[in-house]
Amino acid sequence: MNLINTFFNVKVLLDSLPQLLWGLAVTLQIGITSILCGLAGGLFLAVARLYSPPFCQFLIRTYVDVFRSIPLLVLLIVVYYALPFVGIRLSPFLSAVTSLSLVSAAYTAEIFRAGIEAIPHGQFEASAALGLSNRHTMVDVILPQAVRIVIPPLTNNCINVLKDTALASVVAMPDLLKQATQAQALAANPTPLIGAAIIYVMLLWPMVIVVGRLETIFSRGRR
Amino acid sequence: MAALISIRGLKKAFGRFMVLHGIDLDIAEGEVVCVIGPSGSGKSTLIRCINHLEGFEKESSVTVDGVRVEQGAALAKVRAEVGMVFQSFNLFPHMTVLRNVMLAPMRVRGTPPAEAKRKALDLLARVGISEQADKFPSQLSGGQQQRVAIARALAMEPKVLLFDEPTSALDPEMVGEVLDAMRKLAGTGVTMIVVTHEMGFARQVADRVIFMDGGRIVEAGTPSDIFDSPREERTRGFLRAVLNH
């Protein structure tokens, strides 16, 4: 009974539940904002890398490589604690979103680049021969095909971003993990942590399943 | 008659290897030209230069209806006037057959969807595949896919149609239906440049046959000039090799 009282204490869980749900809301705000910014940034970087002059391509590649190799926690600490020394003071929320988006954009750019490169060259040639502009070639022909290819890795990236939001607790962001550790301290009982873990799983598991469905739907009409 | 397509001193190199050694060629409106020759003779490269899918040396000049073909803002306009049918079809696999044919007129010409659809159905009927309009390319046979590709190119109402070995990737029993569609097309007065290994088609349909070898035009003339009384030894050698097997 000691185990259950310590880790699965229903009373403690119910008491801390409102606090955990507030944390969940914050986690979702950080996560969704970062995912959207990361997607937009990554898509922009991938397409820009395709069409820009060599020097810009070099800059983009450097960005992607650097932000894929820097640990997110280090980046977050730099953004929150070091940038104020050069006059840039971001709130905990903005710090978290900025760091997550920068890293997510780098990963997303690589994923989109791989997806675009997987499209047969003949698709570009057929579009060019019809007189389609670069923009229409991308929007109508290449990206709809590339998106199907990149949905699984893109989803993994989204799930990673949502999980990495937990690092925001380091910069005093009242996200799900932070709320759980506070509730744990208050109740002198680790049940809220278990509650947070269950919420994380409940949040991410359906995402994995939904995406699996999407893949099947999108694969309709593939050669 | 003024030439619709005018090619002057067309040179093209892949690295240090010269693929085209200064080609001069004029093609009149309504003319059907078949380009024959051994693999690697530069015939595909030649027609891919006409819509600048391949770049070429700066001193060369290619013009389509008086407009210079070169990298830049005008290129998409030239390409809209030059239809192309590829060896590997290159249909858009994520769109239905109908959408494949409708896309470019809507995006490039700004044709309203209803009109684009009506025209696309018309064209699909012309190449004999209107029943397949709502299928995806992967559900069609190779011959049907290539006929969709022809309809897609026609939808832009191009001034000239380029065919890059349109039957080379097809199963033998599908070749006939694609050649039939092309034959019908040639009868309607469309300007066509066809790179092909189908000698029977070239003899029957072409106004002019061009034999290329080693990046040069070796001989050009009417089908009977080329097939019945070729002047050049290389032409004779090639025809012997392809006709006697």
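This is a guided tour of a predicted model, with suggestions for what to select at each stop.

**Stop 1: the annotated spans of chain A**

Start by colouring chain A by the UniProt record. Its unreviewed entry gives the annotation "transmembrane region" to residues 20–51, 63–83 and 193–214 of chain A. Select residues 20–51 of chain A: this span is 100% helix and 0% strand, and its end C-alpha atoms lie 46 Å apart. Then switch to residues 63–83 of chain A, where the chain is 86% helix and 0% strand. Here the end C-alpha atoms are 18 Å apart.

**Stop 2: helix α3 of chain A**

Now select residues 54–69 of chain A, which make up helix α3. The helix has 16 residues and reaches 23 Å from its first C-alpha to its last, close to the 22 Å expected at 1.5 Å a residue. Show side chains for A:Ile60, A:Val64 and A:Phe67, which are buried. Turn the view until you look down the axis of α3(A): the buried residues fall within an arc of 80 degrees, so they line one face of the helix.

What do the buried residues of α3(A) pack against? Display α2 (10–51), α4 (72–82) and α5 (92–117) of chain A, and you have their packing partners. On the face turned away from the buried side, look for A:Pro54, A:Phe55 and A:Ser69, which are exposed.

**Stop 3: the four-stranded sheet of chain B**

Move over to chain B. For residues 5–239 of chain B, UniProt lists "domain: ABC transporter" in an unreviewed entry. This span is 38% helix and 25% strand, with its end C-alpha atoms 27 Å apart.

Within chain B, pick out the open sheet of four strands in the order β2-β1-β4-β5, whose pairing is antiparallel. At its edges stand β2 (17–28) and β5 (67–68) of chain B, each with a single partner strand, so one side of each is left without a neighbour in the sheet. Strand β1 (residues 3–14) of chain B runs antiparallel to β2(B), and nine bridges join the two. To see the pairing up close, select B:Ser6, which stands opposite B:Asp26 in β2(B). Next add helix α1 (residues 43–50) of chain B, which lies across β1, β2 and β4 (61–64) of chain B at about 120 degrees to β1(B).

**Stop 4: the six-stranded sheet of chain B**

Now show the open sheet of six strands in chain B, ordered β6-β7-β8-β3-β9-β10, with mixed pairing. Its edge strands are β6 (82–85) and β10 (216–221) of chain B, each pairing on one side only. On average, neighbouring strands of this sheet are turned by 20 degrees against each other, direction ignored.

Zoom in on strand β7 (residues 160–164) of chain B, which pairs with β6(B) in the parallel sense over four bridges. Across that pairing, B:Met84 stands opposite B:Leu162 in β7(B). With β8(B), β7(B) also pairs in the parallel sense, over five bridges. There, the bridge partner of B:Leu161 is B:Met192 in β8(B).

Is β7(B) mostly covered or mostly uncovered? Mostly covered: five of its five residues are buried. In a regular strand the side chains alternate between the two faces of the sheet. Colour the two sides of β7(B) separately: B:Val160, B:Leu162 and B:Asp164 are on one side, with B:Leu161 and B:Phe163 on the other, and all are buried.

Now bring in the helices. Helix α5 (residues 142–154) of chain B lies across β6 and β7 of chain B and runs at about 175 degrees to β6(B). Helix α6 (residues 172–186) of chain B packs on the sheet too, touching β3 (32–36), β7 and β8 (191–195) of chain B. The direction of α6(B) makes about 150 degrees with that of β8(B).

**Stop 5: B:Gly215**

Finish by selecting B:Gly215, in the loop between β9 (208–213) and β10 of chain B. Because its relative accessibility is 0%, B:Gly215 counts as buried. Leaving out residues up to four places away in sequence, B:Gly215 touches B:Val19, B:Leu20, B:His21, B:Ile23 and B:Ser41. For a last distance label, draw a line from B:Gly215 to B:Thr63: they are 152 residues apart in sequence and 20 Å apart in space, C-alpha to C-alpha.

Notes
Residues numbered from 1 in each chain as written. Chains lettered and ligands numbered in written order. Predicted model: local features only at pLDDT ≥ 70, side-chain atom pairs only at ≥ 80, totals over all residues. Heavy atoms only, no water. Expected span 1.5 Å × (residues − 1). Buried < 20%, exposed > 50% of the residue type's maximum accessible area, 1.4 Å probe, protein only. Arc of directions from axis to C-beta. Contact = heavy atoms within 4.5 Å. Pairing = 2+ DSSP bridges. Axes fitted to C-alpha atoms, helices over the stretch in contact; angles between N-to-C directions. UniProt positions renumbered as here; feature names shortened; annotations may be inferred.
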